[in-house]
Structure formats: C-alpha cells, structure tokens
Amino acid sequence: MASPQQMRRGDLGRKYSVMATPGREGQQIQAGIYAGRAIGVFTSGGDSQGMNSAVRAVVRMGSYLGCKTYYIKEGYQGMVDGGDYIVEATWASSSGIMQLGGTVIGSARCKDFREIEGRLKAAQNLIERKILSLVVIGGDGSLTGANIFRQEWPTLLQKLFEAGRITNEQFQECGHLNIVGMVGSIDNDFCGTDMTIGTDTALHRIMESVDTISTTASSHQRAFVLEVMGRHCGYLALVGALATEADWVFIPEWPPEDGWEDTLCNKLSAERATGQRLNVILVAEGSIDRHGKPITANQIKDLLTDRLKYDTRVTVLGHVQRGGSPTAFDRILGARMGAESVLALMDATPDTPACVISLDGNEAVRVPLMQCVERTKNVQNAMNEGNFEEAVRLRGKSFQNNLATYRLLSKLQPPKKTADESSKGKRFAIMNIGAPACGMNAVVRSFVRLSLAQGYTVLGIHDSFDGLLYGRSTELINPVKPMSWTEVQGWSGRGGSLLGTRKVLASKYGIDKIAEKMKEYDISGLVIVGGFEAYHSALQLTEARKDHDAFCIPILVIPCTISNNVPGSDFSLGADTALNEITDICDRIKQSATGTKRRVFVVETMGGYCGYLATMSGLAGGADAAYVFEDKFSITDLRDDVFHLKNKILNAGVQRGLVLRNELANAHYTTDFIEQLFSEEGKGVFTCRKNVLGHMQQGGVPSVFDRNYGTKLAAKAVPWMAQQVKEYTQENGKVFTNTPTTASLLGMRKRHMEFSPLQELAKGTDFEHRLPEDQWWLKLRPLLRILAKHTETGYVSETIPEGVVDLEELDEY
C-alpha cells in the first residue's frame, strides 16, 4: 500500500480515498481551557441505540473543558422552536441515560427547517445562547442538512441583523458556525466509518430473534422467513446471516440470479434430506431481483409453501431492531465519538470543513463529512443503475469479504473441485487451548468448511493435548478424527468449546511426546485457537523445531480469550461477549439499588493481570473507577475516590456508584479490602456491596461481533495455511519449514488482520504477568474518569499520522 505522502500527491489514484485527521484520544487535554464556549447537541432522523451514550459524553467532556452545553430537544424542530426545547445540560442531567435505548432528548422530522424562515429562527435561537458549535447525531440526511446550515450561516446572520432580530454585538461575535457529526444509524450505511452508532445492538436483536425462533422452528420442522431493516443497505441482513448460519439471505446490493426460486427450493430440499429440521431465511426490507422487482418475505413464504409444502412462517422484526438497551460496543463507541466530537469543535476554525467522527480500527479519526456523504450516495446511484458489482465494491472490502464468505459457508457441501492439487493428501489439525471463550466454535466451523472447500482434510483434536496424547483415555472414543462439512453445522452460535479445551502449556505434557503424535497423525499444518496458553504453547513448539521435524510445519495461533491479553492482536475472540455479559450484569446490579438510596457497588471482573475487561466495561457501564494492574494505584487513590463518590452523592444528587476491580489488580488492595474501606469511609453517606462475577463472564452465547470475527479469522487463516503448505512441500510430499514467519499469530491490529511471527511477538511479551507490553486501550482510561467527573489532566501520549483513509476499507466489523 502506498505511503501517506504518496497518497497526498495523488500517486495512488484512488477515487474514494479521503484525508483523515487523527483524533485527540491519547493527547494531553487540560481541564477548563475552553471556558466560555457553548455547544449544542441534538439527535435527528431515526433513533439508534447508543445515542444517549454519545449525548452523555458530549455533555461531560464539554463540562470538563469548561464549556456550557445545551440539549436541543426534538432535533431540528427544537432548534427552530427554541424556548424550552433548548435547555442547558448539567452533569447530573446526563446521569443514568447510558443504558437506555433511543434518544432521551428526542428526535423529529422538521419541515420548517427546510424553509428559509425556519432556518432563520433556528439561527436566532442559537445566537441568543451564543451556541456556535453544534454536535449532530444522525444519518447522512441530518448531517448534510447541518452542513448546508453551516454554509448558509453568514447569509442568515446578515438577514437577521438587517431585520433587527439580532444586535450588532451579536452580529460581530457570531460570525461563523462549526459543526461535527456522528453517525447514528442501525443500518451501517454511511461510508466513512467502520461502524455507526446502533448497528451492533441492532445485530444483537436480529441474532437473538433468530436464535429464539430456531428452537421452535426445529421442534415443528418449520421454515422461517425473517424480514430485517435495510431499505437501501443489506449490512444487517448479511452480517446477521453470517452470525446465525442462515440458509439464504436477500440483500439490495446483490440480487439473486434469475431462476433463484428453483435454486432456493433445491437447496432447502437437499438440506432437509440430510436431516436438518429447520430453515432460516433473512430478507432485507429493500431486497430486489436483478430487474429491480421487490422480493418480499411473503413472496418467499408462498414459494416454500406452494412448491415444497413446508410449514413456513414470516416474522417482521421491524422496530424491535431499534429498541432495547445498547450493547457494550455501542455504549463505548458513543462515548468515544461524543468526547472526540467536542475536541474537534474546540479545534475548529472558520476555515475548518465540517467533519464526521469516524472509527478507524481502534482509533477515533475525523474525516470530511461531505466526501463521505458523496460516497454513500454513489452506492445508491449504482444500485439504481443496476450496477450491483459496483454497489458492493463501494460498500467496502469488508462488505465484499462478508458476502463472499457467506456464499461459500452456506453451501450444503464443499465444492467438488479442489482449488489446488497441492492440497491432496494434506491434513490440517485444529485444537483449542486455554479457558473456553465464545467464538471458538465459530472459528472451527469456518476453518473446517473453508479447508474442505480447498480439498484439505481437517483433523479435530479434542481436549487439547490430552486428546492428542492419550487418545482413548479421554471421554471420547476417537479424540483425533477428520471433521465433516455437516458436523460443524450450527456451531457458530454455541458458547464454550465443542472441541474441548485444557488450560495447560505444551511443555507440561512433554514436547517429545507431542512431536511423536503429530508425526503419527501426519499433520501438515496446525491451528491453535485459544488464549495466552495457546500463544505460549505454539511458541514452545516453534522453538522446538530445531529438535523435532514434526513442528517444522505451518503453525498458526488464533487468539480467543475473554482477557484480551494475547500479543499481536488488539481484539481477542470472546472479549466482546464477556464485555456484554459484564455490562448487562452491572446494569442489573445498579437497578437492584433502585429504592435503596446511596449505594456503591464494588464489582470484580476476570482478566488475570490484564485490565481490559474492567476498563472497557467501566466505560460501558458508567463506572466511577476501574482498578487495574497496568495502571498502578495506591491507598491515596482509593481515599480520593471515596471522597469523590461522597461529593457526587451529596452534591450532585447521584444515588448510586459503581467501582470495578480487575481480579489481579493488586495483591494487597483486594476486592474485599476495597469494599471494607469504602464501607467504613462512606458511613453516613452511602453503603457498599461487593459482587464477584466469576465464570458468568465466560458463559452465554457468542455475540454477533465474536461470531463474525471468528468467521473472518478462519477465512483469513485457510488461504495462509494453504499458501505455506504449497510453498514448503518437498519432493517427497512432506511439508517442511523452519522459517520464523511460518509460525505466526493472526490478529487484528488497528483495522487490518495481520500475521505476526510468534518469535517476534515474544520480544514484546511480559510472560510473568501474561501481558503484551503495548496495550492500545490504556489510552482510554482517562476518558473513563473524565466522564465520571474526576479532574483528570488529560489523555496519555498517543500519536498517529495524518493521512488518507481508504473508504473501501473503512467498514470493518
């Protein structure tokens, strides 16, 4: 890929690359430095879960910087009407809204704003309150309207002055208006950000509905056709189909070929012949055929009923997808984007173009608003012209990969022709090592099917090294056996580890014994799915290559642990599901105190020495503090936090507090100690209760993110393994390689999936505490405390270069 410098010169020649400005997450931000400034925040268009988190972050970051922040209720209509629709926000007024769906400040369509007189009224109402900075949370239509309003501002100002509706002083002081946008839309149809606020929660609603429907469908051997939202964008339907293993999906961007009715019926008939008792079909509400004719859920139902005589039901999810409490992902996304939007407004000058806060991997960046809007409109134009390949391309590489992966994985059986002759006689093995985590089964399912599609045999090793070494001594008759295409049907939605797993390093079993067994089974490539033990075990096997040829094969680690403590990846499989479990439990814990005034909860999370879960669930749950090993704390810090809570409860009208502690944060300041300290020092002001969440964090069904992420990791792993096998197969047909790059870990860094050699990762690993030395999420810890009204001095240091963002790639999920 070209360098940012080449991109700026236009050497790359991409039509849809735009300049991105780094956000200020990680930079020093002093409290109160923008005193006297005023910010207005409003939500417009359709509501989405996570909007309240964004509103809360705008209010609290504005307060931290010394700004006066206003709620503009009911969107543009409230801006036009003024009066009680524009009210000053306080820290307390933004309390308790994070876990609520929808938008507490309201959203409404506004015809008045489309007329010049309506915009004059809106401008006058803003000028009277000296609001010259606006945060707009909505879709592309709302953001475009705000930008037009900004461009018209000088003209509107002149007209108001000439009409005597504003004073000369106001005319001089309010010369320009700055706006920053955040995209709140469940459809994820905005080109310019990996995810829009609300999409993850909407996908959860779809996943929960399909999982629930599947039980009754299986009982009665029914087919269900579910209509999901997506009038112009099939993202929800496509990712929902991947996550739920739906039999068929209809999306606007990729209409089925002519004769799809026969193809669909033949596929479902063949599935029933194999013993499958249910069929699930997802339909985006805007689905069409190749000629632009709508395809409806009822039309599909009639087809299955008439031709196949299936007992078929239609379920229209409708606004269920917009409802419910936001997921941890959407809460954190809203909080990060909300805080960054305020900082972007403070940095803006009269010449700064309107920007939208975008998620680029794990970074918050600022991208030009109108370039993103133009790209979004071009997708619809391509669809209107029947150029569906272009529409899919414009949606981005991730959308393309999702579509290609779904089309392959949803087949009834592997393709008859193998991709390459080099796969003949080659056997891949896959195993789980470490504590069980949601997402393990999704990886295995996808890896098995994609490997079989290329002609490889896949050996499933049950119970880690126990199954490999001791065979029949385990509960299974044959713990190392080839896996079939149909065997892994339905695995994506299952929690835990269906292959079985053990939390023991390879060295504990004996490297020599493992080598003998791998040679006996003639394994050509090994994939290990798991946490730090998986990474460490693979490293031990790699280091033993010099003594054992059995390890001189491609070895790949796929990180899967709720602790998110594996080097080489910003996100581990299972961590998202665990975060949702913790966030949901914390919501219930806080709710339990309703009616019991002034109570502080101390909650202990898992994670070993890694504080990822405590920090991120603290952001998602609105915690007052999160104590972790990586961020050292003392008795003075604990005392200050007690005083902070007492002050909030006495003076801010807050009735509840939440404090999180990672299980190994400190050997002496235990969860019991913190509870007793807070109980003693809080006497007369609040009471304290302790909750140790334990293994509940490892349970539940995988989240949409973990199901989809596991599928994508496997889709990336198989071609890599195949390439290594092809390159290092010797004349005798055996695979031999001791090249460091052939023993790697596959993980997501920033926004890209990367293969990192294990021996290189070892150089940046703290093996004593089982941690990577560099952890990106630490930069978010000051934000957690700022949003809880602590007087922080700013973020820790963080630098990312200003450069070009490729909008075709900016849609990872």
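**Asn441 and a four-stranded sheet**

Me: In this predicted model, is Asn441 buried or exposed?
Reply: Anything under 20% relative accessible area counts as buried. Asn441 comes in at 0%, so it is buried.

Me: Which helix holds Asn441, and which residues beyond four places in sequence is it in contact with?
Reply: Asn441 sits in helix H15, which spans residues 440–453. Setting aside neighbours within four places in sequence, the contacts of Asn441 are Trp491, Arg494, Gly495, Gly496, Ser497, Leu498 and Leu499.

Me: Moving on to the open sheet of four strands, which are its edge strands?
Reply: The strand order is E20-E21-E19-E22, with parallel pairing. An edge strand pairs on one side only, and that fits E20 (625–627) and E22 (687–692).

Me: How many degrees are neighbouring strands of this sheet turned against each other on average?
Reply: Direction is ignored for this one. Averaged over neighbouring strands of the sheet, the turn is 20 degrees.

Me: How many bridges link E19 and E21, and which residue does Arg599 stand opposite?
Reply: E19 covers residues 599–605 and E21 covers residues 656–662; the two pair in the parallel sense over seven bridges. Opposite Arg599, in E21, stands Arg656.

Me: Which helix packs on the sheet at about 165 degrees to E21, and which runs at about 160 degrees to E20?
Reply: The helix of residues 612–621 touches E19, E20 and E21, and its direction makes about 165 degrees with that of E21: that's H21. The helix of residues 635–651 lies across E19, E20 and E21, at about 160 degrees to E20: that's H22.

Terms used. Residues are numbered from 1 along each chain as its sequence is written. This is a predicted model: local features need pLDDT of at least 70, side-chain atom pairs count only at pLDDT 80 or more; totals for chains, interfaces and linings use all residues. Side-chain values use heavy atoms; hydrogens and water are left out. Buried means under 20% relative accessible area, exposed over 50%, partly exposed in between (1.4 Å probe, protein chains only). Contact means heavy atoms within 4.5 Å. Two strands pair if DSSP finds at least two bridges between them. Axes are lines fitted to C-alpha atoms, for helices over the stretch in contact, and angles run from 0 to 180 degrees between N-to-C directions.
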